[in-house]
Amino acid sequence: MMRVRPTILLLSLSLSLTACSLDEWTNQTNDPSEEEPSSEEQQVEEEENKTNEEENESSEEESEEQHEDANPNAYANELDEVVDEDGLTIIEQPDLIEVVVNKSRKLPEGYEPEELVKPDVRFPFEEDLPKKYMQPEAAAALEELFAAANEEGMRLYATSGYRSYETQEQIYESNVAEKGQEEADKFSARPGTSEHQTGLAMDVTTAEMEFKLQQSFIDTKEGKWLADHAHEYGFVVRYLEGTSDITGYEYEPWHLRYVGKDLSTDIHESGGTLEEFFGFHPE
Ligand SMILES: [Zn+2]
């Protein structure tokens with residue numbers, strides 16, 4: 001078993017509004033690639049299955065259970081979670097593959113995944129940093145995804161996975177010291193509220209993107225491929241376009257979240273967010 005020791009690296013305090021705000025400090029390798037811009041226009045079609053499902057349901061016999069809860073994976077109502085003094089819900093089962101972490105749902109203080117390993121994938125930097133690590137099951141799935149992308153002639157790079165509670169705390173507190181809490185809360189995640197702390201997330205990019213994490217990633221063939229195929233490997237693109245009122249984050253076509261192959265296709269086809277899928281956003 002290998003554990004990543006929380007390493008305090010405050011090389012830069014990013015003011016980015018993204019969930020991945022530590023990522024600008026990736027060391028960059030020499031430009032190894034020659035990606036050509038894709039001319040194909042592929043569309044992310046996430047909603048097409050909805051109407052079919054609805055039609056089928058009405059013709060089926062209704063059991064009470066189905067009527068009450070159309071999605072058996074929505075577990076929000078079963079939890080008995082505690083709210084802390086800041087009004088944030090403390091996540092009760094942080095090791096669940098279905099864990100939903102966001103700005104109002106925080107991991108318990110000091111939470112670390114039980115085990116973290118380094119996936120054997122391409123990174124744009126050599127150092128053995130904590131952000132290379134993921135939970136073992138997620139790491140294996142990421143290797144599969146990268147292998148499939150390679151087969152398609154694409155060169156993805158992983159840039160940021162695990163981030164410790166302590167690292168996030170340092171970032172947040174430095175921002176509060178510099179800008180005041182109210183201002184800091186607008187762009188900086190409080191410790192415990194970053195999905196990267198679960199070890200289930202990885203940000204990916206390409207040399208064409210100069211290893212940056214920007215929304216224009218979706219205009220590249222790799223970004224489109226991930227939007228269409230990440231779910232086949234157990235991942236979902238976590239922060240979808242137009243869902244910032246639900247997730248708290250802008251569109252992030254680069255941020256992959258492992259949810260397991262049992263759920264990833266259902267979530268992908270739902271066309272919605274994890275919050276909605278698991279019942280944390282009842283509207
Ligand atoms: Zn991210």
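I take a residue as buried if 20 or more other C-beta atoms lie within 10 Å of its own. The entries below concern a predicted model.

**Entry 1. Confidence**

I began with the pLDDT values. The protein averages 80, and 75% of the residues score at least 70. I then compared the elements: helix α3, residues 136-151, has the highest mean pLDDT, at 98, whereas helix α2, residues 64-68, has the lowest, at 45. Two stretches called for a separate note. Over residues 22-68 the pLDDT is below 50, and the model gives this stretch 44 contacts beyond near neighbours in sequence. Residues 4-17 also stay under 50; for them I noted 29 contacts beyond four places in sequence.

**Entry 2. The three-stranded sheet**

I looked up the strand order next. Three strands form an open sheet with mixed pairing, in the order β1-β2-β3. Its edges are β1 (82-83) and β3 (105-106), each of which pairs on one side only. β1 runs antiparallel to β2, residues 89-90, and two bridges join them. I recorded I90 in β2 as the bridge partner of V82.

**Entry 3. The four-stranded sheet**

I turned to the other sheet. It is open and antiparallel, with four strands in the order β4-β5-β7-β6. β4 (157-160) and β6 (235-239) are the edge strands, each pairing on one side only. On average, neighbouring strands here are turned by 45° against each other, direction ignored.

I followed the pairings across the sheet. Three antiparallel bridges link β4 with β5, residues 201-205, and in this pair Y157 stands opposite T205. β5 continues to β7 through three bridges, again antiparallel, with R257 of β7 as the bridge partner of A201. β7 and β6 pair in the antiparallel sense over four bridges. In that pairing V236 stands opposite R257. I noted, then, that R257 of β7 serves as partner to A201 and also faces V236.

I checked the burial of β7, residues 252-258: seven of its seven residues are buried.

**Entry 4. F235**

I selected F235, which is found in strand β6. Is F235 buried or exposed? F235 is buried, because 29 other C-beta atoms lie within 10 Å, against the cut-off of 20 or more. I then listed its contacts, leaving aside neighbours within four places in sequence: A141, L145, A230, L256, R257, Y258 and S264. I also looked up its separation from A138. The two residues are 97 apart in sequence, and their C-alpha atoms are 8.5 Å apart in space.

**Entry 5. The nonpolar core**

I closed with the largest nonpolar core, which has 50 residues. F235 is among the residues with the most contacts inside it, together with M134, L142, L145, V204 and A230. At least two residues of this core come from each of α3, β4, β5, α6 (221-229), β6, β7 and α9 (274-277). Which element gives the most to this core? It is α3, with seven residues. I recalled that α3 also has the highest mean pLDDT among the elements.

For M134 I listed the contacts, not counting residues up to four places away in sequence. M134 touches L116, V117, P119, A139, L142, G161, Y162, G199, L200 and M202. One of these, L142, is itself among the residues with the most contacts inside the core. As general background, I noted that nonpolar side chains tend to be buried together in soluble globular proteins.

How values were computed: Residues numbered from 1 in each chain as written. Pairing = 2+ DSSP bridges. Axes fitted to C-alpha atoms, helices over the stretch in contact; angles between N-to-C directions. pLDDT = per-residue confidence, 0-100. Contact = placed C-beta atoms within 7 Å. Buried ≥ 20, exposed ≤ 12 C-beta atoms within 10 Å, placed from the backbone. Core = buried A, V, L, I, M, F, W, Y, C linked by C-beta atoms within 7 Å.
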